[in-house]
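Morning, everyone. Please have a look at the sequence and the structure, and then we'll walk through them together.

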Amino acid sequence: MSLLRVSGVHTFYGHIEALRGIDLEVHAGEIVTLIGANGAGKSTLLMTICGNPQASAGDIRFDGQNISRMATHDIVRLGVAHAPEGRRIFPFMTVLENLQMGAAVTDPTHFSTDLDYVFELYPILKQRRYQRGGTLSGGEQQMLAIGRALMSRPKLLLLDEPSLGLAPILVRQIFDVIREINQSHGITVFLVEQNAYHALRLSGRGYVMANGKVIMSGSGAELLANPEIRAAYLEGGH
């Protein structure tokens with residue numbers, strides 16, 4: 001069953017067409033990866049799914065409901081969470097206050113349970129819970145961004161470049177947590193990631209974007225084995 005279906009979506013920034021007829025879907029319970037070069041439109045697609053900017057043409061359906069013209073806060077309340085590129089945490093708020101912001105759209109009776117879950121995933125955040133977000137390391141800020149998104153109890157988690165700029169050991173931890181979120185809690189994940197090798201190994205399916213269009217799709221294994229993908233995104237196949 002499709003949890004997310006994007007059909008013929010076009011998005012503009014002023015007169016510039018950033019998305020040029022995107023078609024893709026994400027089934028409930030999947031991890032799906034979207035790869036592509038810088039400027040391909042990947043981040044714009046995730047933001048368009050969240051309603052900012054809104055699609056100028058086409059439909060976006062989440063759990064069967066057309067969300068193409070909905071406000072972002074209403075989309076979040078339906079069960080879509082977005083951990084954006086660059087983390088975008090609240091730097092002057094503590095870790096705990098950032099997580100409280102993530103929980104603002106949910107039933108407050110779940111807060112303690114959800115907080116314990118995030119602290120179980122990321123014990124360092126529990127240690128740092130009274131520390132300002134802006135003083136955390138890059139890896140800790142990424143953990144906080146994902147934790148804040150999880151506090152909204154999403155059905156669909158949109159992750160934009162979660163491994164960007166992180167040391168290899170932290171990259172592995174991030175991908176391990178994505179797998180855990182998906183397998184243990186059944187949260188569907190749509191992942192934009194520059195680390196194509198790790199992302200496609202993790203994913204059941206993947207899409208490739210170029211110049212605002214989807215140009216290829218297949219299973220994670222198929223895309224990893226594709227010579228064009230290996231040459232373009234996997235360092236010449238190594």
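Let's begin with a question: in which helix does Tyr-197 lie? Tyr-197 lies in helix α8, which covers residues 196-202. Keep in mind that this is a predicted model. So, is Tyr-197 buried, exposed or partly exposed? Its relative accessibility is 41%, and Tyr-197 therefore counts as partly exposed. What does Tyr-197 touch, once we skip residues up to four places away in sequence? The answer is Leu-224 and Leu-234. Now find Val-105. Tyr-197 and Val-105 are 92 residues apart along the chain. Their C-alpha atoms are separated by 34 Å.

Let's step back to the whole protein. There are ten helices and ten strands. The radius of gyration is 17 Å, and the globule rule gives 18 Å for 238 residues. Those values are close, so the protein is as compact as a globular protein of that length. The C-alpha trace spans about 45 × 45 × 35 Å along its principal axes.

How much of the protein counts as buried? Of the 238 residues, 49% do. The surface exposed by the protein comes to about 11,000 Å². Carbon and sulfur atoms supply 50% of that area.

Next, contacts along the chain. Take the contacts between residues at least 6 apart in sequence. Of these, 66% join residues at least 24 apart.

And the charges? The protein has 21 positive and 22 negative charges. The mean positions of the two sets are 3 Å apart.

Now for some packing. Look at helix α3, residues 95-102. Which of its residues are buried? They are Val-95, Leu-96, Asn-98, Leu-99 and Gly-102. Look down the axis of α3. The buried residues fall within an arc of 160 degrees, so they line one face of the helix. What do they pack against? Their partners are α4 (111-121), α5 (123-127) and α6 (138-150).

Move on to α4. Its buried residues are Asp-114, Leu-115, Tyr-117, Val-118, Phe-119 and Leu-121. Notice that Asp-114 is on that list. The cover over these residues includes α3, α5 and α6. It also includes α7, residues 168-185.

Now a strand. Val-26 sits in β2, which runs over residues 16-27. Is Val-26 buried or exposed? Its relative accessible area is 0%, so Val-26 is buried. Leave aside neighbours within four places in sequence, and see what Val-26 contacts. From the start of the chain come Met-1, Ser-2, Leu-3 and Leu-4. The other contacts are Val-32, Thr-188, Phe-190 and Arg-205. Compare that with a pair set apart in space. Val-26 and Lys-126 are 100 residues apart along the chain, and 32 Å separates their C-alpha atoms.

Next stop, the loops. Glu-85 is in the loop between β6 (80-83) and α3. Its relative accessible area is 32%, so Glu-85 is partly exposed. Which residues does Glu-85 touch, not counting those up to four places away in sequence? It touches Ser-43, Asp-160, Glu-161 and Leu-164. Glu-85 and Val-9 are 76 residues apart in sequence. In space they are 21 Å apart, C-alpha to C-alpha.

Now the backbone. Where is there a cis peptide bond? One joins Asn-52 and Pro-53, with omega about 10 degrees. Pro-53 lies in the loop between α1 (42-49) and β4 (57-62).

Two phi angles finish the tour. Asp-63 has phi near 55 degrees, which is a positive value in a residue other than glycine. You will find Asp-63 in the loop between β4 and β5 (65-66). With a relative accessible area of 33%, Asp-63 is partly exposed.

Then go to Arg-153. Its phi is near 55 degrees, again a positive value outside glycine. Arg-153 is in the loop between α6 and β7 (156-160). Is Arg-153 buried, exposed or partly exposed? At a relative accessible area of 38%, Arg-153 is partly exposed.

That's the tour. Over to you for questions.

Technical notes
Residues numbered from 1 in each chain as written. Predicted model: local features only at pLDDT ≥ 70, side-chain atom pairs only at ≥ 80, totals over all residues. Heavy atoms only, no water. Helix = DSSP H or I, 4+ residues; strand = E, 2+ residues; numbered from the N terminus. Rg over C-alpha atoms; globule rule 2.2 N^0.38 Å. Buried < 20%, exposed > 50% of the residue type's maximum accessible area, 1.4 Å probe, protein only. Contact = heavy atoms within 4.5 Å. Areas by Shrake-Rupley, 256 points an atom, 1.4 Å probe, with all protein chains shown as cover. Lys, Arg positive; Asp, Glu negative; His and termini not counted. Charge placed at Lys NZ, Arg CZ, Asp CG, Glu CD. Arc of directions from axis to C-beta.
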